[in-house]
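Open the structure in a viewer and keep the selection tool at hand. The stops below go from the whole chain to single residues and back out to strands.

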Amino acid sequence: QLAHTSPSGFPYPANVALASYLESVVRVNGGVPATIGILNGVARVGLDAEELIKLTSSAGKAETLKISRRDLAFACGLRTVTGERFNGGTTIAGTMILAHLAGIKVFATGGLGGVHRGAESSMDISADLTELGRTPVTVISSGCKSFLDIPRTLEYLETKGVAVATFADGREGKVDFPAFWSRESGVRSPMVLRDEMEAAAVIHAQHLFGLKSGLHFANPVPEESGMPKADMDALIEEAIKQANAAGISGSANTPFVLAKIKELSGGRSVTANRALIEANVKRGTLVAKELVKLERDGAEEIAARDAQQPRIFRGLDAVDVRSASPRPSSDSLSQKLLEKAEKEVSDLPLNQPPVEQSVDIIVAGALAVDFPCDYSPPSSSDSTASPALQTSNPARITQSLGGVAHNIAQAAHLLGSRVRLCSAVADDLSGRAALATLSAQGFDAGGIKVLDASSGLRTAQYVAVNDAKKDLFVAMADMSILEAVSTPAKPPSSSDVLTSFWLPQLQREKPNWLVLDANWPAPALHRWLRAAQSINAKVAYEPVSTAKAPRLFTATTTPTLLPPYLPSSSSSSSSPFLSVFPNPLVHIATPNIHELSALHAAARAAALFDRADWWSVIDALGIPPTGARVRMALASTPDLVDAGVPQMSIQLLPFIPCILAKLGQRGVLLTQLLGAVDPRLEEAHAAPWVLSRSAEAGEGVGVGGVYMRLFGPAEVLREEEIVSVNGVGDTFLGTLMAGLVGRRGEKVSGAKRIEDLVGVAQMGSCFTLRSAEAVSPRLGELRRELEL
């Protein structure tokens, strides 16, 4: 978030137009603007459009003040003689105080106050300088106006312990501290900053030390808008001469001199003024963005990676020297295994009994033969990135074993977890090849139901058509085999495959986690969910697609009946078809942004947001009635808030208390409902991501608050590095599951939190992006990252 005060020196309505424009500059550059001022006797940090107009239109009126530290109490505590409350624009000092109270660390403005000429006798020193010495806010301005005593101003700031630096802005070597309208002042800057990243690093270090003084970073006026120092010196001398002749002094001096400079320069000073304010606001926004990145990911990421790989340090900058991953060969492992399987189909036993060993994760869903089709334009000069419709297109087509559930299980398996895959194949060539591949991958095939050829069913198949950039263009999925074998009998009977084959395994193994993909029809999906609840297993849900994601919120027309060997949970028969926190049926979901929207729309269509138990949880989250837009924008990004992503996630939390929205190149947004005794509510390092806290203090429904955190991409791959996008999201969820359960059932030291695992899961997804496989065979290299 970036603080700035309403622009002074511009008459109404030019000031409101400029103020509105500056807020748009902040938003365009990825920040959240917080215009600061006093409106109707109330200090405001952040103004809406109507309030901004009201404040700026009051300029020049008797009840409108210029408010510094000394004036705040008067402006907010008194009334005018006519009984009206005061309005006012805040000086740098006043703005710093209010920004600090609101938790804002970066403030952009026009120019800094300073030591006036002759201050050795007049003691005329701006309160801005004193405030910088005692309030920990970073001020970005274009330096002091050159009619002030710049050398003494810098000396005073040094005495107050204020660090001062100037942005190089493309210049090499030492640079001048700017003089507002001019890029040069003849006074060297104490320090030079190359870019916003360096500025953010300094701010971050300042706050880590706990220093109570502020920072001042000077940003020179844009070169094309600045005025030559010699010209400005002459104008200023004349303006000061006229001020002295008129007997102008004290607080009236600066406005008089500014007006004269405007007059003498023919308006050129106003043009420069507007350009430098815009440049400062943009620079401040970029600094604030870099600071948020440092605070979110910097310390934890560097500490985690330092233990695993060498790094080269350049001051506060760290450069990763890990060698690049080798490109995979054109012949994939799965392709070779499938070719081998075709030679051995006659020797392969079917419907093998499960291996007698306990498992930590059961993954239930699709096992399919994948056919990725990568569009290959006829020539590199062809500008068409996507295949043409209604005709044949050149492509590279490969074959591998996939399916959402298989890919998730394979990822967890490669990372050392004990996994059982529950799915179905037909007794056809593809099905036997799939079984052979599973055997070669080291899987227990006891959870795979093989259906007789007389059933007329086919092994599931998935065809993905990708464009030239390897992004999905269109896909076709034949998962009808799962729907055919999971249609429930009424009541459940031995002829029901779900009842007779898969649910007994769930009861016997009692895994820590059940992972379900949305390829199951809604009735079967809810039978899985109730069965998991009856044995106290947690459930992760992979929505698969926008068409299938809503199955979670599709009400069954009859009660969910459990077979007699499964115990009935206390809520399975009397609760609504989808229960809420603290007893949800689903604990984690990993939708992409489109699937999240589909889930939200389905929940609304099913009137789930009208339920009293849903409202009880939402009401306990501690989100104010006016909403939490600013907090959500800080925890995610303004464009995600505009798209409604955090809002949709929060509204789904009563049913799914942990949602990881996959955002592609923007990363992953974690939104989690915290219980009343969750330690993150009290931990200082978690505070930036605690969006809200419940006022119930553990009473009622046991809600503690909301944790929201945006994880940027672990790595941005070049287009030529991406081999296939198939299985990337599945790898993400499989890696998370492996981290949550540990290796071979052993307990890891300290319970792993989901936020500790997201970065590793993203790294796993990058491995798969570089691989021709649906899950990269290199995934096992991340075991140490998971501390397994």
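Colour the protein chain by secondary structure: there are 24 helices and 27 strands to find. Keep in mind that this is a predicted model. The chain has 788 residues, and buried ones make up 53% of them. Turn on contacts between residues at least 6 apart in sequence, and 77% of these join residues at least 24 apart.

**Helix H2**

Select residues 49-57, which are helix H2. Which of its residues are buried? Glu51, Leu52, Leu55 and Thr56 are. These residues cover an arc of only 125 degrees around the axis, so they sit on the same side of H2. A general rule helps here: an α-helix has 3.6 residues a turn, so residues three or four places apart point the same way. Rotate to the other side of H2 and Ala49 and Glu50 appear, both exposed.

Now add what the buried residues of H2 pack against. The list is helix H1 (14-28), strand E2 (33-39), strand E3 (42-45) and strand E5 (87-90).

**The largest nonpolar core**

Next select Trp502, Leu514, Leu516, Trp520, Trp528, Leu552 and Phe553. Within the largest nonpolar core, which has 77 residues, these touch the most other members. Centre the view on leucine 514 and show its contacts, leaving aside neighbours within four places in sequence. What remains is Ile362, Ala364, Leu506, Trp528, Ala532, Lys538, Val539 and Ala540. There is also a second, separate core of 54 residues, with Ile361, Leu674, Trp689 and Tyr707 among its members.

**Aromatic rings**

Show the rings of the aromatic residues. How many aromatic pairs does a search of the whole structure find? The search finds nine. One of them joins phenylalanine 501 and tryptophan 502, at 6.0 Å centre to centre with 75 degrees between the planes, an edge-to-face arrangement. Both phenylalanine 501 and tryptophan 502 are buried. Add Trp520 and Trp528 to the selection: with Phe501 and Trp502 they form one aromatic cluster.

Move to tryptophan 614 and tryptophan 615. Their ring centres are 6.3 Å apart and their planes stand at 45 degrees, so this pair is tilted. Are the two residues buried or exposed? Tryptophan 614 has 8% relative accessibility and therefore counts as buried. Tryptophan 615 has a relative accessible area of 47%, which makes it partly exposed.

**Charges over rings**

Two more rings each have a charged residue to look at. Select phenylalanine 180 and lysine 145: the lysine lies over the face of the ring, at 4.3 Å from its centre. Then select phenylalanine 767 and arginine 778, where the arginine lies over the ring face, at 4.3 Å from the ring centre.

**Strand E27**

Finish at residues 703-711, strand E27. How many of its nine residues are buried? Nine of the nine are, and the strand is described as mostly covered.

Show its partners one at a time. Strand E25 (residues 668-675) runs antiparallel to E27, and eight bridges join the two. To see one end of this pairing, pick glycine 675, whose bridge partner in E27 is valine 703. Strand E26 (residues 690-693) also pairs with E27 in the antiparallel sense, over three bridges. Here, select arginine 693 and glycine 705 of E27, which are bridge partners.

Terms used: Residues are numbered from 1 along each chain as its sequence is written. This is a predicted model: local features need pLDDT of at least 70, side-chain atom pairs count only at pLDDT 80 or more; totals for chains, interfaces and linings use all residues. Side-chain values use heavy atoms; hydrogens and water are left out. A nonpolar core is a set of buried Ala, Val, Leu, Ile, Met, Phe, Trp, Tyr and Cys residues joined through side-chain atoms within 4.5 Å. Buried means under 20% relative accessible area, exposed over 50%, partly exposed in between (1.4 Å probe, protein chains only). Contact means heavy atoms within 4.5 Å. Rings of Phe, Tyr and Trp (its six-membered ring) pair if their centres lie within 6.5 Å; planes under 30 degrees apart count as stacked, over 60 as edge-to-face and the rest as tilted. A charge sits over a ring if NZ of Lys or CZ of Arg is within 6 Å of the ring centre and within 35 degrees of the ring normal. Helices (H or I, at least four residues) and strands (E, at least two) are DSSP runs, numbered from the N terminus. Two strands pair if DSSP finds at least two bridges between them. The arc is that of the directions from the helix axis to the C-beta atoms.
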